[in-house]
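Work through the two exercises below with the sequence and the 3D view side by side, and try each task before reading its solution.

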Amino acid sequence: MEIFDDLLKFTAVDIIDVILVALLLYYVYKLVKGTVAINIFIGIVIIYIIWKVTQALQMQLLSNILGGFISVGMFALIVVFQQEIRKFLLMIGSTNFGSKRKFFKQLKFLKTETSDDTNIDAIIAACTKMGTTKTGALIVLEHNNSLDFLKATGDEMNIEVTQPIIESIFFKNSPLHDGAIIIENNVVKATRVILPVNNEKTLPQRFGLRHRAAVGITEKTDALALAVSEETGQISYFKNGEFVMFKDTEELSEIIKQDLT
């Protein structure tokens with residue numbers, strides 16, 4: 001009966017509290033999904049549940065040990081999840097409340113998830129064509145985090161994505177071919193963009209400046225990046241600061257479409 005009494009005392013404030021906690025957990029899951037951090041996150045949740053169970057069963061010794069681990073472990077979490085925390089803060093800070101479209105894009109979990117309307121097949125076809133001629137390219141696909149702070153480093157554009165457009169931008173004699181391009185909702189928003197470069201020496205030597213820039217932008221934001229090597233013509237795909245393996249361009253297309261949902 002006490003459970004039913006507690007349910008009857010459930011107020012509007014409690015409902016808001018539950019919704020906000022669910023919102024927070026959703027964004028945390030979105031940030032760590034598909035990364036090594038998801039395993040750490042699951043481990044933390046399991047330890048927390050065990051701690052609460054030991055408290056309920058009054059297992060004082062084990063409860064105190066787990067409680068001490070959790071209290072001290074909060075500082076360790078900041079180190080372990082520093083990239084995810086950075087992305088979370090960037091996601092919150094870059095939400096443009098003045099733009100309804102951008103605001104509702106941030107809250108897209110309220111509706112059934114659908115694929116981004118970016119023409120991925122056209123982008124990959126352009127990368128494949130540029131690969132055959134060993135034309136270097138760096139393409140950034142904006143996801144949830146706003147990249148407006150990077151667009152200002154290049155030339156702002158508003159061109160619909162097509163295969164010929166992508167190829168013409170990165171044509172070696174084109175004045176726009178240097179730097180990266182940023183694509184948002186099937187529109188090239190900026191060209192000649194300067195990206196943050198990852199300087200970790202652990203990256204393979206075959207990765208040049210374009211690849212390091214792709215790693216840099218994808219580890220600092222939730223953007224996706226495609227790089228075409230000027231030396232080998234190989235297409236590389238990056239997400240969460242890591243190189244993503246794929247068998248062929250068809251599989252690559254499916255992976256990107258899934259990642260943009």
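Contact here means that heavy atoms lie within 4.5 Å, and the model on which both exercises rest is a predicted one.

**Exercise 1.** Determine which residues of helix α11 (residues 249-259) are buried, and what they pack against.

*Solution.* Begin with accessibility, where buried means under 20% relative accessible area and exposed over 50%: by this criterion L252, S253, I255, I256 and D259 of α11 are buried. Because these residues cover an arc of only 165° around the axis, they are on the same side of α11. Next, turn to the face that points away from this buried side, where the exposed residues E250, E254 and Q258 are found. Then look for contacts: the buried residues of α11 pack against α7 (120-132), β1, β5 (224-228), β6 (235-239) and β7 (242-244). Finally, inspect the start of α11, where a side-chain oxygen of D248 comes to within 3.2 Å of the backbone nitrogen of E250.

**Exercise 2.** Establish how strand β3 (residues 180-184) is covered, and in which sense β1 and β4 pair with β3.

*Solution.* First recall that side chains in a regular strand alternate between the two faces of the sheet. In β3, A180, I182 and E184 lie on one side and I181 and I183 on the other, and all of them are buried, with the result that both faces are covered. Strand β1 (residues 137-141) pairs with β3 in the parallel sense over 3 bridges, and V140 stands opposite I182. Strand β4 (residues 187-193), by contrast, runs antiparallel to β3 and is joined to β3 by 4 bridges, with V193 as the bridge partner of A180. To finish, follow the chain from β3 into β4: the two strands form a hairpin with 2 residues between them, and N185 in the turn has a positive phi of about 50°.

Notes. Residues numbered from 1 in each chain as written. Predicted model: local features only at pLDDT ≥ 70, side-chain atom pairs only at ≥ 80, totals over all residues. Heavy atoms only, no water. Buried < 20%, exposed > 50% of the residue type's maximum accessible area, 1.4 Å probe, protein only. Pairing = 2+ DSSP bridges. Arc of directions from axis to C-beta. Polar contact = N/O pair within 3.5 Å; in protein donor to acceptor, adjacent residues only side chain to side chain.
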